Structures are given as C-alpha cells and as structure tokens.
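User: Please take a close look at one helix and what sits around it. I'd like it in plain words, with a bit of context from the rest of the chain.

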Amino acid sequence: MLLKVKARDSYFLRKTLLEFSQAEANRKANFSFINTQSPTHQSQNFYTNIFSRLKSPLNLFEAKRLHALLIVNGFFHHACTDRVLGSQLVNVYGKNGCLQEAIHVFDKLPQKSNIAWNSLLRGFVDTGQFSKALEVYHLMSRQGFVPDDFTYPIVFKACCGLDDLELGRKVRDMILFSHKGNIFVDCAMIDFFAKCGSLNEAREVFENMLKRDLASWTAMICGCVQNGEWFEALSLFREMRCEGFLFDSVIVASVLPVCGRLEDKLMGRALHSFAIRSGFESDLFVSNALIDMYCRCSDTSDARIIFSDSAFKDEVTWGSLIAGYSHNCQFHESYQLFLEMMIAGIKINSKVAASILPVLGKLKFIKQGREIHGYTVKLGFRSDTILGSALIDMYCNFGEIQLAELIFRVISDKEITIFNSMIVGYSVNGQIDSALMIFRKIWDYNLRPNLITLMSILPICARSGAIRLGKEIHSYATRRILGESVTVRNSLIDLYCKCGYLELGMEVFSQMTGKNTVTYNTIISAHGIYGLAGHVFSFFEQMKAAKVEPNRVTFISLLSACSHTGEINRGWFLYNSMINDYRISPNMEHYACIVDLLGRAGRLNEAYRFIEKMSISDVNVLGCLLGACRIHNEKQLGERIGKQIVSKLKDPGHYILLSNSYASSDRWKDKSNMRRLMKEKGLVKKPGLSWIEIGPCIHTFHASERMHTEMNEIKDILEILLSEMKEEGYIVLDELFGDSDELMN
C-alpha cells in the first residue's frame, strides 16, 4: 500500500460490496459480468452511465453501491487500464468526508490519474492534515506525475496551513520554471503569500498577471485587509472599479471592514447602498460586515437596525454587535445584548466569550465574569489564545493582576495577543515597569510585536518618558513596515510631543499620507501644551480643508488654546460651532474649558452664571472657578464656591486649593478646619511623581520618598547644587526649602 491506513475487515467489506453488486446486477440485467477485461471492451452505455453517476452529487450509500459495481466489473483488477472511474470514486469519497475510504480506494487503483491524486490531497487539506497532504504531493512528484492547475492551489493551502513560506516559494519557483500559470493558480499564490504575511510577494504575483479577473482582485484586496493595509485595500478596490469590474457580495464583505478601520463611513454607506440595490444585503457575511463597519464608525444605532432586520443571525452576528457596543464604551448595552443572546438559546462560542469578558471587566461584574470563565473551561476553551487574552483583560480590569499573571503563565502556546493583553493590563493598573518588562520578554518566545503591541506600548513610553525605548520601537516599526499604520504614527506623534521632541512629532505628522481625526487631535493638543496657539488654529483649518470630521476631543484642545491666549470671542465661537455646526453636545471638559477661559480673563461672575446654566453640575468645574477666584483675589465668590465644593467633593486636591485660598487671606483658622476635614474624611493627596530615563532604566521619584537605592548620592549632589546657587548670587528660600533634606520632601 502506498499510504498507511487503518486496518479494515476485508471479509465484511467484500461481503457488503458483493451484496450491493448483486442488487445492482439484478436491476441492470443487460450488463455482463466482466472480470479482467478493459473498459474499452465493455458496453459504451455502461461506461457512460457509471461515469455520469460518479460525476453527479452522491450520498455515501450510493457511492458504496457504485464502488461495489466497479469491483465486480473488474475496474480494480491489476490488468485494468482505466484511469478515470476509480479516480472519480476517490473524489466522491473525499467530498463525502470519508477520507479513510478514499485512501483505501486510492491504494487499490491499478492506474492512477491526477484526479485521484488531487482528490486525496484535497481530502487531507479539508481535514486539516496539512503535513500528510504535502507527503502525498512529494510522493506524486516522485512517481512521475506532473501537478496540474488543480494540484497547485491545494498544495498552497497545505503550505498556508503549516505557515511554511519557504516550501510555498519552492512551489512557486517550480510553477514559474515548468508551468504556464493561469488565473486560478495565481489567485492561490496571492492568497498563500498574503496569509503567510508576505504581502510584497503577493503584490508581485498580482502585478505580473497578464489578465486579472474578479477572483484575483478579491484575493489581493483580502490579502491587504488580512495584513492591516487598509489604505492599500481601499486603493485597490477603487482601481478595480475603474477597470469596470462589478463587485459581488464577497468583495463588499471584504471592503466593509476596511471602511470601519479607516472610519470611512461615507464609503461604508455607499457599499451598503450598493448591497441593497444588488439584492445581497441579506447575505449573512455582508450583514455581519455592515454591523462591524457601523460600530467601528461609532454608529451603533445603524448597526442595531441592521442586526434587528437580519432574518438569520449566527454567533458572528451577535458577537459583532456585542463587541461593537464594547468598542464604543457602551458596556451596559453590550451586556444586555449578551443576555438577549442567552435567552434566544444561542450557544456561546469562544469568540462571543472573548467579546463579553472585557465588558464584564469594565462593568466590574466579578461574579458574572467568573461564571463565564468557568463555563468556557467546561466547554474546553482553555487553550484558546483569544479567550485567554480576553480573560487577562477582564481580570486586569477587576484589579486582580495576580490572576491575570496566572492565566498568562498557564497558557503554554503563547501568541502575541497574550502579551498585548498583559501589557495593557499592567498599564491599566499603573504598573509601568512591569508593562515594559513583559514587552521585552516577547523576543524570548520567538515572537515579534504586531500593530496592537506597538499601539499599546507607545502610550506607555509617552507616560513614562521612555524616549529611548520609543525611538527603538519607531525604528522597529519602520523596518517591519508597521510604521505606515495611521494608529502607530499617531502614537509616535504623541510620544515625541509629550517627551519634549515637538520637531520629531511634526516630522512624523508631515510624512503621513493619510490622517484621521486622532492625528489632528494629537498634533493640535501638542501645540496647545507648548503654548503655540497660532499653530493650533492653523491645524484646525487644515483639518477642515482635508474634510476630517472633528470630535469632542478636538474642541477640548481648541478651547484650551483659547483659554491660554485669552481669546474669549474665538472661544465662544468655537463652543457654539461645536454645538450647532457639528452637533456635538458639550460635556464636563468643555464646560471646564469655558469656565477656565472666562476665569483667566477675570470675568468670574460671568463664569459663575455659565455654571448655573449648565445642563449638568460637576464640582470639578466649580474647582476650576475656585482657582481663578484665588488668582484674582475674589474672596466673596470664592467663599460661596468653597462651601458648595466641601458639601459635595471627595477630591483632596480641591480641599488643598481651598485651604491655600484661606492661607493667602490670612484665614489660618479656616485653613486648619480644611485640613481637619480632610483627615476626618480620610482624604490624602497623591504624592507628586517625577522620573528620568538613564540608559535602559527609568528612575521614578515620589514626593517624600527616600527609598531610591542611590538616595545618599542624590542628596550629596543636591547640596553641591544648592551651594553653587548661593555662590552665584541666587537666594535659596530657607523657609520654603530648608536644607537639602527638606528639599527632598
């Protein structure tokens, strides 16, 4: 036998086949029994009839009847020269999922054809036995059979299943050397290279095609989507349309996620409209893609409408909207939909569980989170890395970082998603050093950071001032062609600007071909922090000219810039424009900006009237005005605001602000009362924090902390600096600093 197969009971098999044979012989009395003769000597009608039946869709019972008929008519005799009927039988068994029967027939064939080889290859690939499939392919080559146009696509699928890029390249070279490739084979090559992460080679195959059909365009566009090249995918789609191709439901379902990633709602709506006109809006893949697109464009209302109108919903449909609500921070809606799914009797799969677990973490639903964790373990999802990642997210949001670490350690087959979740989890819990440490461990597991990793670690570098590591990550992203991502570049702009390298941030901004709302928000906010108000308004004009829609964050930065420059009229104009032109309802941060704008200008009563007219009240806005009252020495209004704050507030920062206001007015008794109230309510101001990056290490210092390993050396240097300051004529205020020990406090 050519392949090892499970031993079969030949007696009962033969008995069954003979029984089928007898039944067939009784019905086909005109067929004569032939033992060893070639089919060319048999009735042409018999041969044509059997061939026709083998080519038509058959169930397993009918396949076995034909199998018996071929045996008794000698088609498996060693002298039979026919290559067609037995090979077709292998194909029939393979299509019915009977791989063992297909192998048995294949081994018994006296003459094999490419149909038999291809059928066996496909059977192994369809059952996920990719290594076995490649063994068959190599055996086929050794026995002198030349692979055809149907062989290569199956072989590429097997290579893809094993992520064997090198073998795929060898197969490609063989095609180029000995075979004139066609569209069918080229599409398989594009799909293979794209799925294995080698998009450049996929592009090369696509660009060298003399003729392209809809399938080749689909393969290339899907390849770009799979590799996160959203802009290129959209560009290819537009190019395809210009060449006159009419797209189908597959293309629409592939491009809609791109619109979601790029937040291109206009293009998404156009595709939605086309789907309605073309009649495939009800296609399950299209409707699921539409839900995902609208959710990523922050339009969960339209996503819910499509969900409700869908006649048939699968787990992906439910999971898409559950994840969509979560993506838009609508955690209660996400959880409610999950409960509806349970009531509807839809079983939870690993993807749905992975969508709802982070939601439970955000809502702090610890009991429900643990229950679903237990349920997934019972279903055998323990080794699922996506689910493991979701569990880490959930427990980190619960603040149970040790449980998250335990799950991380238990997962044996670690993928990059697991590391990404731990990085974010440490960041959420303020463990910056641990986040940086787990990031460095990625290489120990022979893994490489992906887009999500970079998007997670760069903000941590910005928060901790780790500019050196940030530059290394920038270099890595450039080498791995990950730096083209809009999100990564946005994070790089934020990193450089927050670490004092505005010119590097501007350099990244200038090099970007595609900019979104976050891009402009980041650069506008950065220039606002640096006090470059003129640049802030200039970038806003660029944003409008590029037809990029501003959001709430945009106007917070703009109003803050107006506050710092004292441009009250421009501030009111932008505030009203936000409400009337862009239909954005103001929140507390916008209110605080207006109060700060008026407070800095000394228009305190106007600011107070504005607070009284606010649709919702917030003590933080009152605290903003209290600070302005202290600066402008407005004691009466400050007293009134202070009483309102004390009755509502639990933030120690505002108590200290009020205490300092009393001190500046020599009201020492009131100051003491404020400090006493803080102690009674257990309010403690968080200590100040500073840090410095030296080499690969980040040294952190808290106010009043003396735990640093080099504290004695630091104190010695401070004493030297204070001494030098005195020698150069600077006055050191002893009542504020005292000696260097006091300075360290």
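Analyst: Some bookkeeping on names: helices (H or I, at least four residues) and strands (E, at least two) are DSSP runs, numbered from the N terminus. With that in hand, I'd go for helix α28, which covers residues 486-498 and holds Tyr496. Bear in mind that this is a predicted model, where local features need pLDDT of at least 70 and side-chain atom pairs count only at pLDDT 80 or more, while totals for chains, interfaces and linings use all residues. Residues are numbered from 1 along each chain as its sequence is written, and side-chain values use heavy atoms, with hydrogens and water left out.

Start with Tyr496 itself. Its relative accessibility is 4%, so Tyr496 is buried (under 20% relative accessible area is buried, over 50% exposed and in between partly exposed, with a 1.4 Å probe and protein chains only). Who covers it? Leaving aside residues up to four places away in sequence, Tyr496 is in contact (heavy atoms within 4.5 Å) with Ile467, Lys471 and His474 on the earlier side in numbering, and with Tyr501, Leu502, Leu504, Gly505, Val508 and Tyr530 on the later side. Val508 is worth picking out of that list: it is twelve residues from Tyr496 in sequence, and their C-alpha atoms are 9.2 Å apart.

Asn490 is also part of helix α28. At 5% relative accessibility, this residue is buried as well. Beyond residues up to four places away in sequence, Asn490 touches Met512, Asn516, Val518, Thr519 and Thr522.

Now look at the loop between α29 (502-511) and α30 (517-529), because that is where Lys515 is found. Lys515 comes out as partly exposed, at 26% relative accessibility. Its contacts, not counting residues up to four places away in sequence, are Phe509, Tyr520 and Val548. There's also a long jump in numbering here: Leu262 is 253 residues from Lys515 in sequence, yet 9.6 Å away from C-alpha to C-alpha.

Further along the chain, Phe537 sits in helix α31, residues 533-545. With 9% relative accessibility, Phe537 falls in the buried class. Outside the residues up to four places away, Phe537 touches Leu558, Ala561, Cys562, Glu567, Arg570 and Leu574. Looking back along the sequence, His527 is ten residues from Phe537, with 9.7 Å between the two C-alpha atoms.

For a helix pair elsewhere, try α22 (residues 385-397) and α24 (residues 416-428), whose axes come within 9 Å and cross at roughly 5°. Those axes are lines fitted to C-alpha atoms, for helices over the stretch in contact, with angles from 0 to 180 degrees between N-to-C directions. The crossing makes α22 roughly parallel to α24 (under 35 degrees is roughly parallel, over 145 roughly antiparallel, 65 to 115 roughly perpendicular and the rest oblique). On the α22 side the contact uses Thr385, Gly388, Ser389, Ile392, Asp393, Cys396 and Asn397, and on the α24 side Thr417, Ile418, Ser421, Met422, Gly425 and Val428.

Two loop residues are fun to check on their backbone angles. Most residues other than glycine have a negative phi. Asp163, though, has a positive phi near 55°; it lies in the loop between α8 (151-161) and α9 (165-178) and is exposed, at 51% relative accessibility. Glu263 has a positive phi near 55° too, this time in the loop between α14 (249-261) and α15 (265-278), and is partly exposed at 46%.

Finally, the whole chain. There are 42 helices and two strands, and of the 745 residues 47% are buried. Among contacts with a separation of 6 or more, 61% are between residues 24 or more positions apart. The mean pLDDT (the predictor's confidence in each residue, from 0 to 100) is 82, and 84% of the residues reach 70 or more. Two stretches to watch are residues 1-13, where pLDDT stays under 50 and the model has 20 contacts beyond four places in sequence, and residues 734-745, also below 50, with 22 contacts beyond near neighbours in sequence.
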